[in-house]
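Open the structure in your viewer and have the selection tool ready. Work through the stops in order, and look before you read on.

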Amino acid sequence: MVLSTAIGCAGGAMAAPDNLEPVAFSELAGWAADDHAAAFTPFAASCRAILENRPPSRAAQPPGEALTRVCAEAVGLGRPDGAQAKAFFERAFRPFRVGTGMLTGYYEPEIEGSRVRTDRFDTPLMARPRDLVTIPDGESLPGVAAGMGGARKVGAGFEPYYDRKAIEDGALAGRGLELVWAEPVDAFFVHIQGSTRVRFSDGSAMRLAFDGRNGRKFTGIGRLMLDRGLLAKGSTSMAAIRAWLAQNPREGAALMRENQSYIFFRKDEKLTHADGPLGAQNVPLEPGRSIAVDRGIWSYGLPFWLDGRFPDGGQIRLLAVAQDTGSAILGAARGDYFVGTGDDAGAVAGGMKQQTGFTVLLPREDGGR
């Protein structure tokens, strides 16, 4: 039995993918053993964002009436224990198997940096330029090819925004956009992850959050390195890529420029030290419970049951919440798992690239009553 469905909402509906297979919670291996209270915490955070109509930094499918109604109930529960949270999810949602797809990992880098340029810290992390025009999904501007996500106004028309090479060559120089200075490889990986904590030599720190992108195509350099024989198959972990870049700085600099995508940041002074970085839904990510999904398919706030393994063979059987997205996260059974902050989290995230089972929990139209 398969299902083609939509989550109804006033003024439209969030269409779920065709061919979802309904399953029972009892059919989800490991469901009863999960810490449902740990999953409820990020779910409730997403619900508060939905109920407050908090604008996301990157729009996804609308939540719809059913999810909004379930969210109102969730927020009213306060802090349920594990049994209460499990009962809530089983009452308010129905599980549908999406299929098996790729689960990668990401993290919040914690890097060393400087407030001024130095010989060591010579690569800026930059604020969003005022002339960057973000093109909404499905729209275009005169002079800019369809699918391009960013532009700048030139005369009476528009043209694609500067790519990474042009920016690194000084296209934005003299505008005072430099927020901090980092080592080049660190800066590149901060662009990939979309946020960072920067530590300074005086003991102070700064949180940087995503604030836009140039709209150019993202190219994973791991794939380029594999295709060119720079790394062996099965050896394209983040650690291996970083090691190669460190050993080949000249070639590495040219290789990184082949990823035309460029990210802009803003200082985030609202997050506490204990908070995770903000995801695209504009809520702090929860290590081990937040995932990035394809925003063209899914709504933020939807819970997903994951069934896979970590790089070390450890089991992944847990409930996670869609709170983020990424330009490389495409497809219904595709996710990016937020591991946490710092080098240890980065070591795990960098090795994650496993086939994983995805089951989405869709809200019941009657709220489970």
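This tour goes from strands to helices and then to single residues. Keep in mind that the model is predicted.

**Stop 1: a small sheet**

Select strand S7 (133-134) and strand S9 (157-160). Add strand S8 (residues 150-154). These 3 strands form an open sheet, in the order S7-S8-S9. The pairing is antiparallel. Which strands are the edge strands? They are S7 and S9, and each pairs on one side only. Now look at S8 and S9 together: 4 bridges hold this antiparallel pair. For one facing pair, pick Ala151 and find Pro160 opposite, in S9.

**Stop 2: a hairpin and its next partner**

Select strand S11 (residues 196-199) and strand S12 (residues 205-213). The two run antiparallel, joined by 4 bridges. Click on Arg197. What stands opposite Arg197 in S12? The residue there is Arg207.

Next, look at the turn of the hairpin. There are 5 residues between the strands. Gly203 in this hairpin has a positive phi, near 95°.

Stay with S12 and add strand S13 (263-267). S12 and S13 also pair in the antiparallel sense, over 4 bridges. Select Phe210 and Phe265: they are bridge partners, with Phe265 in S13.

**Stop 3: a strand covered on both faces**

Select strand S6 (residues 123-126). Here is a general point to use first. In a regular strand, side chains alternate between the two faces of the sheet. Now colour Thr123 and Leu125, which lie on one side of S6. Then colour Pro124 and Met126, on the other side. Are these four buried or exposed? All are buried, so both faces of S6 are covered.

Add strand S10 (residues 178-182). S6 and S10 pair in the antiparallel sense over 4 bridges. Pro124 stands opposite Trp181 in S10.

**Stop 4: a mostly covered helix**

Select helix H5 (residues 184-193). How many of its 10 residues are buried? The count is 8, and the helix is mostly covered. Among the buried ones are Phe188, Phe189 and His191. Now step just past the helix. H5 is followed by Gly194, with a positive phi near 90°.

**Stop 5: two helices that meet**

Select helix H7 (residues 238-247) and helix H8 (residues 249-257). Their axes are 5 Å apart, and the packing angle is about 125°. The two helices are therefore oblique to each other.

Show the side chains at the meeting place. From H7, take Trp244, Leu245, Ala246 and Gln247. They meet Pro249, Glu251, Gly252, Leu255 and Met256 in H8. By class, this contact has 6 nonpolar, 2 polar and 1 charged residues.

**Stop 6: two asparagines**

Select Asn53, in the loop between helix H1 (36-51) and helix H2 (64-76). Asn53 is not a glycine, yet its phi is positive, about 55°. Its relative accessibility is 65%, so Asn53 counts as exposed.

Move on to Asn282, in the loop between S13 and S14. Asn282 is not a glycine either, and its phi is positive, about 70°. Asn282 counts as partly exposed because its relative accessibility is 21%.

**Stop 7: Gln281**

Select Gln281, which sits in the loop between S13 and S14. Buried or exposed? Gln281 counts as buried, at 4% relative accessibility.

Now show what Gln281 touches. Beyond residues up to four places away in sequence, its contacts include Ser46, Ala49, Ile50 and Tyr300. A polar contact of 2.6 Å joins the side chains of Gln281 and Ser46. Try a distance label next, from C-alpha to C-alpha, between Gln281 and Ala45. They are 236 residues apart in sequence but 9.9 Å apart in space.

**Stop 8: Arg289**

Finish with Arg289, in the loop between S13 and strand S14 (290-292). Its relative accessible area is 10%, so Arg289 is buried. Where does its side chain reach? It reaches the backbone oxygen of Leu319, at 2.9 Å.

Show the surroundings of Arg289. Leaving aside neighbours within four places in sequence, its contacts include Asp34, Asp35, Pro42, Leu318 and Leu319.

Key. Residues numbered from 1 in each chain as written. Predicted model: local features only at pLDDT ≥ 70, side-chain atom pairs only at ≥ 80, totals over all residues. Heavy atoms only, no water. Buried < 20%, exposed > 50% of the residue type's maximum accessible area, 1.4 Å probe, protein only. Polar contact = N/O pair within 3.5 Å; in protein donor to acceptor, adjacent residues only side chain to side chain. Contact = heavy atoms within 4.5 Å. Axes fitted to C-alpha atoms, helices over the stretch in contact; angles between N-to-C directions. Parallel < 35°, antiparallel > 145°, perpendicular 65-115°, else oblique. Nonpolar A, V, L, I, M, F, W, Y, C, P; charged D, E, K, R; others polar. Pairing = 2+ DSSP bridges.
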